[in-house]
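Grab a pencil and have a go at the exercises below. Try each task yourself before you read its solution.

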Amino acid sequence: MGAVVGRAAQEVVFVDGVRTPFGRAGSSYAETRADDLVVKVFREVLRRNPALPPERIDDVAVAATTQIGDQGLTIGRTASLLAGLPTSVPGYSVDRMCAGAMTAVTTLSSAIMAGAYDVALAGGVENMSRHPMGEGVDPNPRFIAERLVDIEALNMGMTAENLHDRFPQLTKERADAFAFGSQQKTAHAYAEGWIQPDLVPVAVRSAELGWGLMTADEAPRPSTTMEGLAGLKTPFRPHGRVTAGNSSGLTDGATAAVLASEATADELGLSKKMRMVGFAFAGVEPEVMGVGPVPSTEKALARAGLSISDIDLFEINEAFAVQVLAFLDHFGIADDDPRVNPMGGAIAVGHPLASSGIRLMSYLARDFERDPLARYGITTMCIGLGMGGTVIWENVNYAGSN
Ligand SMILES: CC(C)(COP(=O)(O)OP(=O)(O)OC[C@H]1O[C@@H](n2cnc3c(N)ncnc32)[C@H](O)[C@@H]1OP(=O)(O)O)[C@@H](O)C(=O)NCCC(=O)NCCS
């Protein structure tokens, strides 16, 4: 037998992550192309990491849920060309609904782990102003005719109502209190300057309003009160529990992240914010898609040989408050545990579907930076049509005793 040809498995590090400020759908980004938002985050992440020669990027993956028009045409490739990346750098598109950017990261990371790539650029975008949820979909009639999924599974707000039904202990009061906390934590994080460093200002133009500059998220409502939340309508069901206040809103935005093998990061002198420990995706009944992060987290923990008590920080996407609560209840974590979403989350800043996975990772990287005694953290999110995704990360700057 000859010598083994090929390369050994490599560690993956999260080098850096940036995002546009998130806009409310129908507002500042309504006349901005989605691919231009991706160009903005690509340019910024390269500007911030001058030690990375762009020609060293082995591949680019960009996620979008609605891959039509300015979010179509293999946006991973088109945005790379538009951003001025060398033509030798290839690119592709990813869709796993809300976990698109998370999947871009895990897929590219798998290639790095396998030794096929050294450096990769992941991204996600959703301009929900220009591409409302469900645009152009054509579900196979068999889904309904054969009851493969309940019709309610196609409406995310209804799946959140279903979760309240399934877990009656997850009351509207608890959901509102969690939403209130998200707004408070976001306001605190802004006041402390924790969020701004990873935002790239975006010039916007509106035929009606003229030019503007987006420098902060548009959606947060720091003056939210429990009384205000209690009085909101329940758009998904009469006398329901899910409201505009305890849901993530319809949002526009883009994210990008640089991933590298640890050896390449060291070789080039790139920053290393966190190391990927492992990841998992799992399926659940589509009617209760919000519970997806429970099995994906259990699977990811088991594969990593960790237990939930090893996790020091949680970045959980807040598609709906009830869905976060279902996760916390399952793992016996208090609704207001300070390890959970310390900078707030999607209920306040919004959830531009396919881009949010990298927003969670950028937040976790900042959480780790503030807390060198935190060793492991997870980013997790629920996914339309009944899935969950979880990525476990290790703090590269962990300064604890073991
Ligand atoms: C819930 C949803 C339908 C609300 O949409 P909307 O009605 O356009 O939302 P708005 O921002 O206009 O808010 C509705 C009302 O609630 C009020 N409101 C929203 N958040 C509030 C808060 N924190 N405190 C007080 N009032 C609030 C608004 O002021 C508005 O009041 P008005 O009707 O008097 O103007 C929409 O955000 C949605 O579909 N969210 C889920 C998105 C989703 O499914 N994502 C995928 C997840 S898997």
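Here come four exercises with worked solutions on this predicted model.

**Exercise 1. Overall build**

Task: Work out whether the radius of gyration of the protein chain agrees or disagrees with that of a compact globule.

Solution:
- Step 1: Start with the length, which is 402 residues.
- Step 2: A compact globule with that many residues would have a radius of gyration near 21 Å.
- Step 3: The protein chain comes out at 20 Å, so the value agrees with the globule.
- Step 4: Now fill in the picture. The C-alpha trace spans about 65 × 55 × 50 Å along its principal axes, and the chain has twelve helices and twelve strands. Buried residues make up 55% of the 402 residues. Of the contacts with a separation of 6 or more, 81% are between residues 24 or more positions apart.

**Exercise 2. Around the ligand**

Task: Find out how many residues surround the ligand, and which helices each supply at least two of them.

Solution:
- Step 1: Count the shell: 18 residues surround the ligand.
- Step 2: Pick out the closest, which are Met 156, Thr 224, Gly 228, Ala 244 and Ala 319.
- Step 3: Look at the helices. α5 (156–166) and α7 (226–230) each supply at least two shell residues.
- Step 4: Sort the shell by class, and you get eight nonpolar, nine polar and one charged.

**Exercise 3. Helices that meet**

Task: Decide how α6 and α10 are oriented to each other.

Solution:
- Step 1: Locate them: α6 covers residues 172–192 and α10 covers residues 321–330.
- Step 2: Their axes come within 9 Å and cross at roughly 100 degrees.
- Step 3: Angles of 65 to 115 degrees count as roughly perpendicular, so that is how α6 and α10 lie to each other.
- Step 4: Check who touches whom. Arg 174, Ala 175, Phe 178 and Ala 179 of α6 meet Ala 321, Val 322, Val 324 and Leu 325 of α10. By class, this contact has seven nonpolar residues, no polar ones and one charged.
- Step 5: α10 has another partner, since the buried residues of α5 pack against α10 too. Among these buried residues are Met 156, Ala 160 and Leu 163.

**Exercise 4. A residue in a loop**

Task: Is Leu 209 buried or exposed?

Solution:
- Step 1: Find Leu 209 in the loop between β6 (202–206) and β7 (210–214).
- Step 2: Count its C-beta neighbours inside 10 Å, and you get 11.
- Step 3: A residue with 12 or fewer is exposed, so Leu 209 counts as exposed.
- Step 4: For a sense of distance, the C-alpha atoms of Leu 209 and Ser 271 are separated by 40 Å, with their positions 62 residues apart along the chain.

Note on methods
Residues are numbered from 1 along each chain as its sequence is written. This is a predicted model: local features need pLDDT of at least 70, side-chain atom pairs count only at pLDDT 80 or more; totals for chains, interfaces and linings use all residues. Helices (H or I, at least four residues) and strands (E, at least two) are DSSP runs, numbered from the N terminus. The radius of gyration is taken over C-alpha atoms; the globule rule is 2.2 Å times the number of residues to the power 0.38. A residue is buried if 20 or more other C-beta atoms lie within 10 Å of its own, exposed if 12 or fewer, and partly exposed in between; C-beta atoms are placed from the backbone. Two residues are in contact if their C-beta atoms, placed from the backbone, lie within 7 Å. A residue is near a molecule or strand if its C-beta atom, placed from the backbone, lies within 6 Å of it. Ala, Val, Leu, Ile, Met, Phe, Trp, Tyr, Cys and Pro count as nonpolar, Asp, Glu, Lys and Arg as charged, and the others, Gly among them, as polar. Axes are lines fitted to C-alpha atoms, for helices over the stretch in contact, and angles run from 0 to 180 degrees between N-to-C directions. Angles under 35 degrees count as roughly parallel, over 145 as roughly antiparallel, 65 to 115 as roughly perpendicular and the rest as oblique.
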